[in-house]
Amino acid sequence: GLSQREFYGQSYRLKEEITVSDLTSRTQHVIGREIDVIRSQLARNHVHMLVGTARFGGPNSIVVRAEDGNEREYTAEKVIVAAGTKPARPSTVDFDGRTVVDSDQILAMDHVPASMVVVGAGVIGIEYASMFAALGTKVTVVERRDRMLEFCDLEIIEALKYQLRDLAVTFRFRESVAKVERHEGGTLTLLESGKRIPADTVMYSAGRQGVTELLELDKAGLEADNRGRIKVDDDYRTSVPHVYAVGDVIGFPALAATAMEQGRLAAYHAFDEPVGSKLGELQPIGI
């Protein structure tokens, strides 16, 4: 309806300016429901919840800082880290939350832009490229590799690319962004090849970064790699045997369903409970 509104004439009623929040209100509702479900599951299973920001105080101690600033220290025999990730933000990019955004900030935009450059053709980049293209935004995807979603079957990728091109999405493969300039009325993306792409908005989707910098991992004898990821073995144990890590913070596949299962397996192992089956090599992925 939005993209074909000019065919309907005066009788077709639609808000003049569709905002991104019009489209994400359902998202917020679904997230709220999910949170309520998890909270009630925790309560029903008598799980004690400490609300705050945690960091290691030592190998077996966790310091929790509440919202009012008060800190309390707790000790535990076993610890499972499931801190998740946030969008990775290259230090060379000047994010302003309006014209140059990451995949979290894009949900707070107050309008659907007429044109957009998406940097990075991973899962998140392609998801947003297809959503905004469907809303009538002219989308250009810039990716330094040869193809998008490189872990998927080529057959699927070709079909998806065909459909996205139908929505007027332009692909620039084997291209890297040299810099993004902000101008009045939009942005100018300069590629290393010399090409210049003007657009209202640029969205960087440069992967995810583990939220581990606040955890003070060194106090537990742990370290994370340059993407904030923690290394684990087949039982989700870190290099410190009583500390486990699960979910996006350990890297691929970084999906909610697999993270839940990893958490269960780690908890079983922590309590010396036998595990019937491991997670298979092939996990279902939805994009």
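Which residue forms a salt bridge with Arg89? Asp102 does. The closest N and O atoms are 3.4 Å apart. Keep in mind throughout that this is a predicted model.

Let me place that pair. Arg89 sits in the loop between strand 5 and strand 6. Asp102 sits in the loop between strand 6 and strand 7, which covers residues 115–119. The two residues are 13 apart in sequence, so their salt bridge ties those two loops together. Now the accessibility. Arg89 is partly exposed, at 44% relative accessible area. Asp102 is buried, at 4%.

On to the other charged pairs. The count for this model is 19 salt bridges. As a general point, side chains of opposite charge can pair when their charged atoms come close.

Take Arg145. Its side chain meets that of Glu143 in a salt bridge, 3.4 Å from N to O. Arg145 also forms a salt bridge with Glu150, and there the closest N and O atoms are 3.3 Å apart. How exposed are these three? Glu143 is buried, with 5% relative accessibility. Arg145 is partly exposed at 37%. Glu150 is partly exposed at 44%. Elsewhere, shared partners join several salt bridges into one network. Its members are Arg55, Arg65, Glu71, Glu216 and Lys219.

Next, the aromatics. How many aromatic pairs does a search of the whole structure find? The search returns 3. I will show two of them.

One is Phe95 with Tyr204. The rings are edge-to-face, 5.8 Å centre to centre, with 70 degrees between the planes. Phe95 is in the loop between strand 5 (85–87) and strand 6 (100–101). Tyr204 is in strand 13, residues 201–204. That is 109 residues apart in sequence, so the pair ties together distant parts. Is this pair buried or exposed? Phe95 is buried, at 12% relative accessibility. Tyr204 is buried too, at 9%. The cut-off for buried is under 20%, so both qualify.

The next pair is Phe151 with Phe252. Again the geometry is edge-to-face, with 5.8 Å between centres and 70 degrees between planes. Phe151 lies in the loop between strand 8 (138–143) and helix 3 (154–166). Phe252 lies in the loop between strand 15 (243–245) and helix 4 (256–270). This pair links parts of the chain 101 residues apart. Its accessibility reads as follows. Phe151 is partly exposed, at 40%. Phe252 is exposed, at 63%.

Now to the nonpolar cores. The largest one has 25 residues. Which members touch the most others? They are Ile106, Phe132, Val139, Val141, Met148 and Phe171. Five elements give two or more residues each: strand 7, helix 2 (123–134), strand 8, helix 3 and strand 9 (170–173). Helix 2 gives the largest share, 5 residues.

Look at Phe132 for a moment. Leaving out residues up to four places away in sequence, Phe132 touches Val20, Ile106, Val112, Pro113, Met116, Thr137 and Val139. Ile106 and Val139 are also on the list of core members that touch the most others.

Apart from this core lies another, of 21 residues. Among them are Ile62, Val79, Leu217 and Ala270.

To recap: Arg89 pairs with Asp102, Arg145 pairs with Glu143 and with Glu150, and helix 2 gives the largest share of the largest core. Thank you.

Technical notes:
Residues are numbered from 1 along each chain as its sequence is written. This is a predicted model: local features need pLDDT of at least 70, side-chain atom pairs count only at pLDDT 80 or more; totals for chains, interfaces and linings use all residues. Side-chain values use heavy atoms; hydrogens and water are left out. Rings of Phe, Tyr and Trp (its six-membered ring) pair if their centres lie within 6.5 Å; planes under 30 degrees apart count as stacked, over 60 as edge-to-face and the rest as tilted. Helices (H or I, at least four residues) and strands (E, at least two) are DSSP runs, numbered from the N terminus. Buried means under 20% relative accessible area, exposed over 50%, partly exposed in between (1.4 Å probe, protein chains only). A salt bridge is a side-chain nitrogen of Lys or Arg within 4 Å of a carboxyl oxygen of Asp or Glu. A nonpolar core is a set of buried Ala, Val, Leu, Ile, Met, Phe, Trp, Tyr and Cys residues joined through side-chain atoms within 4.5 Å. Contact means heavy atoms within 4.5 Å.
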